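Biologist: I have not worked with this protein before. Could you take me through the model, one part at a time?

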Amino acid sequence: MRILVCSPNPSVTIQIEATLEAVDIACEIEPAPQEFASLLFREPETIGLFLAMGPDSAAKMCRELRMADVRNPLFALIDEQSVITGAPGRALALNAGADDVQPWPIDATELVSRLFALQRRQRDGNPSVIKLPGCVLKPSTGELIGDVAHIHLTHQETVLLTTLAARPGAIITKAMCMLALYNGRDEPQLRIIDVFVCKLRKKIAAATGGLDVIETVWGQGFRFVAEGYQPSFSSFGQRVPG
């Protein structure tokens with residue numbers, strides 16, 4: 001396990017570094033948020049641990065990281081020596097994309113235990129490769145590796161495709177897609193799902209030489225077709241298996 005730490009408070013940084021080194025956890029310090037984001041983007045298996053001075057700051061940091069296509073596990077520590085946030089404040093950061101949020105200061109043993117829990121969820125909850133017809137998807141990096149081409153998916157496209165592939169044959173409504181993408185926060189209009197699906201289909205076709213895996217179920221949502229299909233169109237312009 002490797003941890004990248006970002007903190008505006010040098011004394012907190014020293015405490016975290018000492019805690020992690022005491023249990024032989026590889027740790028790197030990067031105080032600049034922009035470089036912190038860049039390093040996480042380049043190292044998708046690394047866990048990002050950062051200190052925020054309040055819940056709004058934590059939520060802003062998480063939101064910016066996710067918008068920058070950083071998919072790493074994020075652990076936010078909120079400094080409650082300056083402001084008491086409680087559960088509502090921590091929920092704000094969770095809804096913005098954090099995987100765990102705790103107040104600072106935190107017991108050293110609990111900090112380490114939570115980092116190991118994040119590592120287990122990362123390993124067990126996110127398969128390294130999802131096999132699709134004619135290609136494979138690496139969720140950690142958004143790489144779609146096909147027989148014809150190697151395509152990069154955005155974070156939203158990866159989340160959407162992973163959500164559909166997790167339940168082959170089942171109808172996934174647009175509301176379910178929105179929940180997977182935005183966790184009920186700052187949601188755009190529902191039709192954004194159609195935009196994402198359209199872009200996904202083009203990229204999947206480019207990777208596989210024309211195959212599709214997403215079937216539109218008229219008036220209900222979408223269905224993942226595990227065996228893939230060559231698409232054709234109904235009289236309503238709906239994309240359906242040929």
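Modeller: Helix 3 is a convenient place to begin: helix 3 lies across strand 1, strand 3 and strand 4, and runs at about 160 degrees to strand 4. Please keep in mind that this is a predicted model.

Biologist: How confident is the predictor, then, and which elements have the lowest and the highest mean pLDDT?

Modeller: The protein chain averages a pLDDT of 86, and 89% of the residues score at least 70. Among the elements, strand 14 (residues 239–241) has the lowest mean, 56, whereas strand 3 (residues 47–52) has the highest, 97.

Biologist: Back to the strands under helix 3. What is the strand order in that open sheet of five strands?

Modeller: The order is 2-1-3-4-5, and the pairing is parallel. Strand 2 and strand 5 (100–104) are the edge strands, each pairing on one side only. On average, neighbouring strands of this sheet are turned by 20 degrees against each other, with direction ignored.

Biologist: How many bridges join strand 1 to strand 2?

Modeller: Four bridges join strand 1 (residues 2–6) to strand 2 (residues 26–29), and the two run parallel. R2, for instance, has A26 in strand 2 as its bridge partner. Strand 1 also pairs with strand 3 in the parallel sense, over four bridges. There, I3 stands opposite I47 in strand 3.

Biologist: What unit do strand 1, helix 1 and strand 2 make?

Modeller: Together with helix 1 (residues 10–22), the two strands make a right-handed β-α-β unit. Helix 1 lies across strand 1, strand 2, strand 3, strand 4 (74–79) and strand 5, and its direction is at about 165 degrees to strand 2.

Biologist: And helix 3 again: at what angle do the axes of helix 3 and helix 4 cross?

Modeller: The axes of helix 3 (residues 55–67) and helix 4 (residues 86–95) cross at roughly 10 degrees and come within 8 Å. The two helices are therefore roughly parallel to each other.

Biologist: Which residues meet there?

Modeller: From helix 3, P55, D56, A58, A59 and C62 meet G89, L92 and A93 of helix 4. By class, the contact has six nonpolar residues, one polar and one charged.

Biologist: Let us change topic. Which strands form the antiparallel open sheet, and in what order?

Modeller: Four strands form that sheet, in the order 6-7-8-9. Strand 6 (130–132) and strand 9 (150–152) are at the edges with a single partner strand each, so one side of each has no neighbour in the sheet. From one strand to the next, the twist averages 20 degrees.

Biologist: What about the pairing of strand 7 with strand 8?

Modeller: Strand 7 (residues 135–138) and strand 8 (residues 143–146) pair in the antiparallel sense over four bridges. K138 stands opposite E143 in strand 8.

Biologist: Which helix lies across strand 6, strand 7, strand 8 and strand 9?

Modeller: That is helix 6 (residues 155–165), which runs at about 80 degrees to strand 6.

Biologist: One last pair: how do the axes of helix 7 and helix 8 cross?

Modeller: The axes of helix 7 (residues 174–182) and helix 8 (residues 192–208) cross at roughly 80 degrees and come within 10 Å. That makes helix 7 roughly perpendicular to helix 8. The contact is made by K174, C177, M178, L181 and Y182 of helix 7 with I192, I193, D194 and F196 of helix 8. Seven of these residues are nonpolar, none is polar and two are charged.

Methods: Residues numbered from 1 in each chain as written. Predicted model: local features only at pLDDT ≥ 70, side-chain atom pairs only at ≥ 80, totals over all residues. Heavy atoms only, no water. Axes fitted to C-alpha atoms, helices over the stretch in contact; angles between N-to-C directions. Parallel < 35°, antiparallel > 145°, perpendicular 65-115°, else oblique. Contact = heavy atoms within 4.5 Å. Nonpolar A, V, L, I, M, F, W, Y, C, P; charged D, E, K, R; others polar. Pairing = 2+ DSSP bridges. Right-handed = clockwise from strand over helix to strand, strands pointing away. pLDDT = per-residue confidence, 0-100.
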